[in-house]
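Biologist: Could you take me closely through one part of this model, the place where the two domains meet, and set out how the strands, the core and the contact there fit together? Please state your cut-offs as you go.

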Amino acid sequence: MSKNISQQLMSRLINHILANTSDEVDDCLTEPANFFTDINRFKKERQQFFLDTPQLLGFSGDVSEPNTFMTFECMGVPIVVTRNSLGQLKAFINACSHRGARVADGGGNKKRMSCKFHGWSYDLDGDLVGVPSSQCFDIDKASCSLTSLPIVDHQGLLLVGLSQKVSKEKLNEFLVPLDSQIKEFNFAKLKNIAVRKFEVAANWKLVVSLSHESYHFANLHRESLAPIMTSHSVFDQFGMHTRWAFPLKGIERWAQKPRIDWPKKLPGAISHTLFPGTVIVVNAQDAQIIRVEPGSSVDCSVVYYSGGCANSDLMEESLQAYNFGGDIFANEDLPVAEQCQQGIMARQADIIIGKNEPVVQLWHRLWRGELDS
Ligand code: FES
Ligand SMILES: [Fe+2]
């Protein structure tokens with residue numbers, strides 16, 4: 001058996017295509033409507049799953065060199081990640097000590113960050129180093145540093161903690177169950193190329209579920225995805241994280257060829273989902289991240305869809321892959337999640353998750369298990 005993870009997945013997928021099967025489970029699962037409408041559950045999920053759990057911000061390629069920075073937003077918190085001149089990785093709340101405006105936008109290469117409101121400036125260690133008209137401020141600069149957050153770069157993935165409960169140790173351990181699986185994807189090479197933000201009138205769990213079953217491809221994505229992808233898929237669980245993969249049409253032709261000639265990257269998509277639902281989609285070109293967060297109430301969520309590019313010479317292709325997936329997600333998937341929320345609230349009856357939606361079932365069990373344990 002090949003050691004290459006993509007080729008192992010390809011082999012399992014080809015077997016499914018040839019046998020006209022897919023990874024399935026033995027039973028359906030039902031879930032009551034209040035799983036998506038209960039305010040207390042929503043509040044607990046928000047705290048436990050998002051604020052007290054490591055969150056994936058993006059790929060680390062933008063902050064791999066000394067004197068670089070990159071900005072993000074996570075759970076409403078503006079964040080700037082820096083790599084100082086000594087190569088140390090840091091993260092701060094991107095909010096000026098003067099009156100809270102942002103001290104950095106976008107990303108880039110520089111040694112100082114300057115707030116655009118009144119010009120207070122900070123070095124990449126978050127220390128306040130410049131105050132225009134400083135005679136007007138009776139402050140101790142040392143006590144006006146940016147507020148730091150714990151962060152690690154785990155195999156090219158930037159993981160941050162938003163509450164006291166997320167220690168550096170917790171950040172370091174979070175992805176260990178996935179380590180052997182993600183190594184070959186070399187996420188550290190990826191630079192963030194673009195991000196789209198959506199506000200969606202649906203519970204965050206309904207939005208996460210969109211990215212975990214291919215049962216809907218033939219119908220909802222009849223004209224976009226279905227002509228090129230099959231709905232055969234394979235899934236695996238690694239601790240509190242999952243992997244789900246599905247192929248482009250026609251990969252079964254590789255069954256006739258020696259394994260040595262198979263492509264190194266799966267002709268298809270491999271989705272690694274980090275608890276509680278952040279998806280890293282690896283495709284033949286590059287990778288995208290879909291991070292779904294609870295919004296301001298139980299029936300709304302905030303979604304960030306971002307793209308990564310491994311080779312700036314192939315930026316066009318990366319943008320194409322990013323836009324292809326993003327347009328389908330925005331125009332076909334997200335509107336249907338809003339319909340589901342509205343329908344669930346109106347019906348107040350159980351929903352049903354099929355045997356052919358095993359990863360959605362798995363996530364429902366993980367969410368329930370974690371919160372109710
Ligand atoms: S808010 Fe940043 S300098 Fe005033
Ligand atoms: Fe979809």
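**Strand 2 and its surroundings**

Modeller: Strand 2 (residues 55-59) and strand 12 (residues 157-160) are paired in the antiparallel sense through four bridges, where pairing requires that DSSP find at least two bridges between two strands, and where helices (H or I, at least four residues) and strands (E, at least two) are DSSP runs numbered from the N terminus. The model is a predicted one, in which local features need pLDDT of at least 70 and side-chain atom pairs count only at pLDDT 80 or more, whereas totals for chains, interfaces and linings use all residues. Residues are numbered from 1 along each chain as its sequence is written, while chains are lettered from A and ligands numbered from 1 in the order in which they are written.

Within this pair of strands, Q55 faces V160 of strand 12. Strand 2 is mostly covered, with five of its five residues buried; here buried stands for 20 or more other C-beta atoms within 10 Å of the residue's own, exposed for 12 or fewer and partly exposed for anything in between, with C-beta atoms placed from the backbone. Just ahead of strand 12, the loop that follows strand 11 (151-154) holds Q155, which has a positive phi of about 50° although it is not a glycine. Q155 counts as partly exposed, because it has 15 C-beta neighbours inside 10 Å.

V160 also belongs to the largest nonpolar core, which has 82 residues and in which V81, L159, V160, V207 and A245 have the most contacts; such a core is a set of buried Ala, Val, Leu, Ile, Met, Phe, Trp, Tyr and Cys residues joined through C-beta atoms within 7 Å. Helix 8 (residues 358-372) gives this core its largest share, six residues. Because domain 1 (5-54 + 179-372) and domain 2 (55-160) both contribute residues, the core lies between them, the bounds being those of an automatic or database domain assignment.

V81 can be followed outward from the core into a sheet. Apart from neighbours within four places in sequence, V81 is in contact with L57, V63, F69, M70, F72, A91, I151 and L158, contact being defined by C-beta atoms, placed from the backbone, that lie within 7 Å. One of these residues, M70, has V81 in strand 4 as its bridge partner, and seven bridges join strand 3 (residues 68-74) to strand 4 (residues 77-83) in an antiparallel arrangement. The open sheet that includes them consists of five strands in the order 6-3-4-5-10, with antiparallel pairing. Strand 6 (107-109) and strand 10 (148-149) each have a single partner strand and stand at its edges, so one side of each has no neighbour in the sheet.

As for the two domains themselves, their C-alpha centres are 31 Å apart, and their contact takes 21 residues from domain 1 and 14 residues from domain 2. On the domain 1 side, two or more residues come from each of helix 2 (39-51), helix 4 (179-182), strand 13 (191-200), strand 18 (287-294) and strand 19 (301-309), and strand 18 provides the largest share, three residues. By class, that side has nine nonpolar, six polar and six charged residues, where Ala, Val, Leu, Ile, Met, Phe, Trp, Tyr, Cys and Pro count as nonpolar, Asp, Glu, Lys and Arg as charged, and the others, Gly among them, as polar.

Definitions and conventions
Contact = placed C-beta atoms within 7 Å.
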